[in-house]
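Let's take a walk through this fold together, beginning at its metal site and moving outwards. Please keep the view open as you read.

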Amino acid sequence: MPRYQPTDAMMLPRFSGIRTFARLPHVTDLTDVDVAVIGSPFDTGGTYRVGCRFGPAHIREASALLRPYNPSLDVNVYDYISAIDYGDLPVVPGFIEAAYDQMVEGLMPVLNAGVIPILLGGDHSISLAHLRAMALRHGPVALIHFDSHNDLWDQYWGQKYTHGTPFRRALEEGLIDVKRSSEVGLRGSVYGPEDIQMGRDFGFQVFTMDEVRELGFAHVLKMVREQAGTGPCFLTFDIDFIDPAYAPGTGTPEVGGPTTWEALQCVRALKGLNFVGFDVVEVLPSYDSPGQVTALAAANVAFEMLSLVAWSRKHR
Ligand code: MN
Ligand code: MN
């Protein structure tokens, strides 16, 4: 049996105990660990509403209800992987370049131990640090990017590092294998046609939300899977990919998105890809509903990520 498991709910009820992700043990020793859930609580890359620094704690709070078996993928997650809550990466608020260095430094021991991280954000600027660490360990990775925005802008107010620019920087730094990468979910009012076109110009496979509705989720996800091939992949999931009716607690909401179920199906559809890391970003607790519906969605997205790793171990 894998070493680290969630607390047994038949011994200690789900509403009790100290909050870690999915009631996994908080462990910082990486021996016998397959997957580490890690907070990345940085939010000063935000350009509109801010406060995602409280996202990791909020997602952990809502994750107490996660159970071990995933019926959609037919996998009992902790039969195949030993998973922990590693705590949060250290960051200095307000100073993004210093925070990036800290995030990379904090992630490298995890990656060097062969552990797959699932990072909880944090605004989307943090993904640049995550990708820097990934590329140090694995070389350029395929980026699978679920988001209502392209996050490929060159700058905001002359600033190179914001939550609207991480993947432009990642391309410039050679962190992404763009020919294997896809962006899915783009929509909303934008500044001009270049918002949609720039991803394609850089070489991404891009699907707007209109195209997803037209072609169907299954078809689009098949294309994403085929594009990604067998090399190392990183999945970045911006919670604003989901419609704000289902995920209101986020920094830059865009209407007309998928339901929570459709979003979960998108993640499940990626089973079999060679994932080396994941993040779930842009959860903003102060705008969430009293029922914590956004945090619940994010916790379940992260559970699907855990399930993908477990599915691969089960079927290898
Ligand atoms: Mn984003
Ligand atoms: Mn977004």
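Along the chain, the donors of the manganese ion (ligand 2) follow the spacing D-x1-H-x88-D-x1-D. In this predicted model, the ion is coordinated by Asp147 (OD), His149 (ND1), Asp238 (OD) and Asp240 (OD), with Asp240 (OD) listed twice, at 2.0 to 2.5 Å. The site joins distant parts of the chain: His149 sits in the loop between strand 6 (142-146) and helix 5 (166-172), while Asp238 belongs to strand 9 (residues 232-238), 89 residues apart. His149 and Asp238 are both buried. Asp147 has a further role, as a bridge between the manganese ion (ligand 2) and the manganese ion (ligand 1), which lie 3.2 Å apart.

Now for the sheet. Eight strands make up an open sheet with parallel pairing, in the order 4-1-5-10-9-6-7-8. Strand 4 (83-88) and strand 8 (205-208) are its edges, each pairing on one side only. On average, neighbouring strands of this sheet are turned by 15° against each other, direction ignored. Strand 6 pairs with strand 7 (residues 182-186) in the parallel sense over three bridges, and Val184 in strand 7 is the bridge partner of Phe146. Helix 6 (residues 194-202) lies across strand 7 and strand 8, and runs at about 155° to strand 8.

Helix 4 deserves a look too. Its 13 residues (126-138) should span 18 Å at 1.5 Å a residue, and this agrees with its end C-alpha atoms, which are 18 Å apart. Helix 4 is mostly covered, with 10 of its 13 residues buried; among them are Ile126, His130, Arg132 and Met134. After the helix comes Gly139, whose phi is positive, near 80°.

Which rings meet? A search of the whole structure finds eight aromatic pairs, including these two:

| Pair | Geometry | Centre to centre | Angle between planes |
|---|---|---|---|
| Tyr100 and Tyr161 | edge-to-face | 5.5 Å | 80° |
| Phe237 and Phe241 | edge-to-face | 5.6 Å | 85° |

Tyr100 in helix 3 (residues 96-112) and Tyr161 in the loop between strand 6 and helix 5 are 61 residues apart, so their pair links distant parts of the chain. Is Tyr100 buried or exposed? Tyr100 counts as buried because its relative accessibility is 0%, whereas Tyr161, at 23%, counts as partly exposed. Phe237 counts as buried at 0% relative accessibility, and Phe241 is also buried at 0%. Elsewhere, Trp153, Tyr156, Trp157 and Tyr191 form one aromatic cluster.

Terms used
Residues are numbered from 1 along each chain as its sequence is written. Chains are lettered from A and ligands numbered from 1 in the order in which they are written. This is a predicted model: local features need pLDDT of at least 70, side-chain atom pairs count only at pLDDT 80 or more; totals for chains, interfaces and linings use all residues. Side-chain values use heavy atoms; hydrogens and water are left out. Helices (H or I, at least four residues) and strands (E, at least two) are DSSP runs, numbered from the N terminus. The expected span of a helix is 1.5 Å times one less than its number of residues. Buried means under 20% relative accessible area, exposed over 50%, partly exposed in between (1.4 Å probe, protein chains only). Donors are N, O and S atoms within 2.8 Å of the metal (3.2 Å for Na, K and Ca); water is not among the atoms, so sites may look incomplete. Two strands pair if DSSP finds at least two bridges between them. Axes are lines fitted to C-alpha atoms, for helices over the stretch in contact, and angles run from 0 to 180 degrees between N-to-C directions. Contact means heavy atoms within 4.5 Å. Rings of Phe, Tyr and Trp (its six-membered ring) pair if their centres lie within 6.5 Å; planes under 30 degrees apart count as stacked, over 60 as edge-to-face and the rest as tilted.
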